Amino acid sequence: MGLFARLGFKKTTLDDVAGEVGIVKSALYRYFSNKEELFNAVIDFLAKEHMENVERAVMEARGTENKLRAVLLSGHQAAVIRAREAAVPLEVWREIKPLIDERTEGYKRSAIDGTRRIIEEGIARGELVCEDPKMVAVFM
């Protein structure tokens with residue numbers, strides 16, 4: 001993600017990527033047919049890693065309040081780590097953010113559904129009072 005974060009999607013080439021990881025460009029073509037496929041694979045990897053970290057934190061937490069805290073803290077920690085790693089220039093962020101948003105839409109829906117289930121379970125156990133669990137999950 002580093003090159004895409006520094007140069008942007010349009011300016012990053014497969015030659016750049018191959019040089020960064022120390023392989024020849026033809027080796028990239030064994031796994032990715034183009035730059036978009038490579039970018040999507042990176043985004044998928046990062047999104048899945050994040051979802052696994054959140055799921056692990058939620059599974060380790062006891063009680064609704066702690067599960068919701070785990071969701072929030074995991075998201076915050078991931079954002080801080082990614083911001084430090086990337087330090088993305090604003091003009092690059094404007095270019096890649098829509099690509100990231102499009103690619104991660106399914107992950108976002110899954111995260112909202114998982115958070116909604118935690119809230120609904122908390123309501124069922126009498127630990128929470130909430131009129132619209134989905135709205136709260138979207139907000140979180």
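This is a short talk about a predicted model of a protein, moving from one helix to a surface patch and then to the salt bridges.

Hi everyone, and thanks for listening. Please keep in mind throughout that we are looking at a predicted model.

Let's start with helix 2, which covers residues 14–21. Which residues of helix 2 are buried? They are Leu-14, Val-17 and Ala-18. Viewed down the axis of helix 2, those buried residues fall within an arc of 95 degrees, so they line one face of the helix. If that spacing looks odd to you, here is the textbook background. An α-helix has 3.6 residues a turn, so residues three or four places apart point the same way.

Now, what lies over that buried side? The cover for the buried residues of helix 2 includes helix 1 (2–7), helix 3 (25–28) and helix 4 (35–60). Turn to the face pointing away from the buried side, and you find the exposed residues Gly-19 and Glu-20. Just after helix 2 comes Gly-22, with a positive phi of about 80 degrees.

Hold on to Glu-20, because we meet that residue again in the salt bridges. As a general idea, side chains of opposite charge can pair when their charged atoms come close. How many salt bridges does a search of the whole structure find? The search finds ten.

Here is one of them: Arg-6 pairs with Glu-20, and their closest N and O atoms are 3.6 Å apart. This pair links distant parts of the chain, with Arg-6 in helix 1 and Glu-20 in helix 2, 14 residues apart. Arg-6 counts as partly exposed, because its relative accessibility is 45%.

Another one joins Arg-103 to Asp-44, with 2.6 Å between the closest N and O atoms. Again distant parts of the chain are linked: Arg-103 sits in helix 6 and Asp-44 in helix 4, 59 residues apart. Is Asp-44 buried or exposed? Its relative accessibility is 14%, so Asp-44 counts as buried. Its partner Arg-103 is partly exposed, at a relative accessible area of 34%.

Let's stay with helix 6 for a moment. Asp-113 and Arg-116 form a salt bridge there, at 3.9 Å from N to O. Both residues lie in helix 6, three residues apart, which is about one turn of the helix. Asp-113 has 30% relative accessibility and is therefore partly exposed. There is also a network, in which salt bridges that share partners join Lys-97, Asp-101 and Lys-108.

Helix 6 runs over residues 90–124, and Ile-123 is found in it. Ile-123 counts as partly exposed, at 30% relative accessibility. What does Ile-123 touch, leaving aside residues up to four places away in sequence? The answer is Leu-128, Cys-130 and Pro-133. For a sense of distance, compare Ala-78: from C-alpha to C-alpha, Ile-123 and Ala-78 are 28 Å apart in space, and they are 45 residues apart in sequence.

My last stop is the surface. Leu-72, Phe-139 and Met-140 form a nonpolar patch there, and together they have about 340 Å² of accessible area. Phe-139 belongs to helix 7, residues 133–139. With a relative accessible area of 75%, Phe-139 is exposed.

To recap, helix 2 has its buried residues lined up on one face, the whole structure holds ten salt bridges, and a nonpolar patch on the surface includes Phe-139. Thank you!

Conventions: Residues are numbered from 1 along each chain as its sequence is written. This is a predicted model: local features need pLDDT of at least 70, side-chain atom pairs count only at pLDDT 80 or more; totals for chains, interfaces and linings use all residues. Side-chain values use heavy atoms; hydrogens and water are left out. Helices (H or I, at least four residues) and strands (E, at least two) are DSSP runs, numbered from the N terminus. Buried means under 20% relative accessible area, exposed over 50%, partly exposed in between (1.4 Å probe, protein chains only). Contact means heavy atoms within 4.5 Å. The arc is that of the directions from the helix axis to the C-beta atoms. Patches are made of residues with over 30% relative accessible area and no salt bridge: like charges are joined within 9 Å, nonpolar side chains (Val, Leu, Ile, Met, Phe, Trp, Tyr) within 5 Å. Accessible areas come from the Shrake-Rupley method with a 1.4 Å probe; for residues, only the protein chains shown count as cover. A salt bridge is a side-chain nitrogen of Lys or Arg within 4 Å of a carboxyl oxygen of Asp or Glu.
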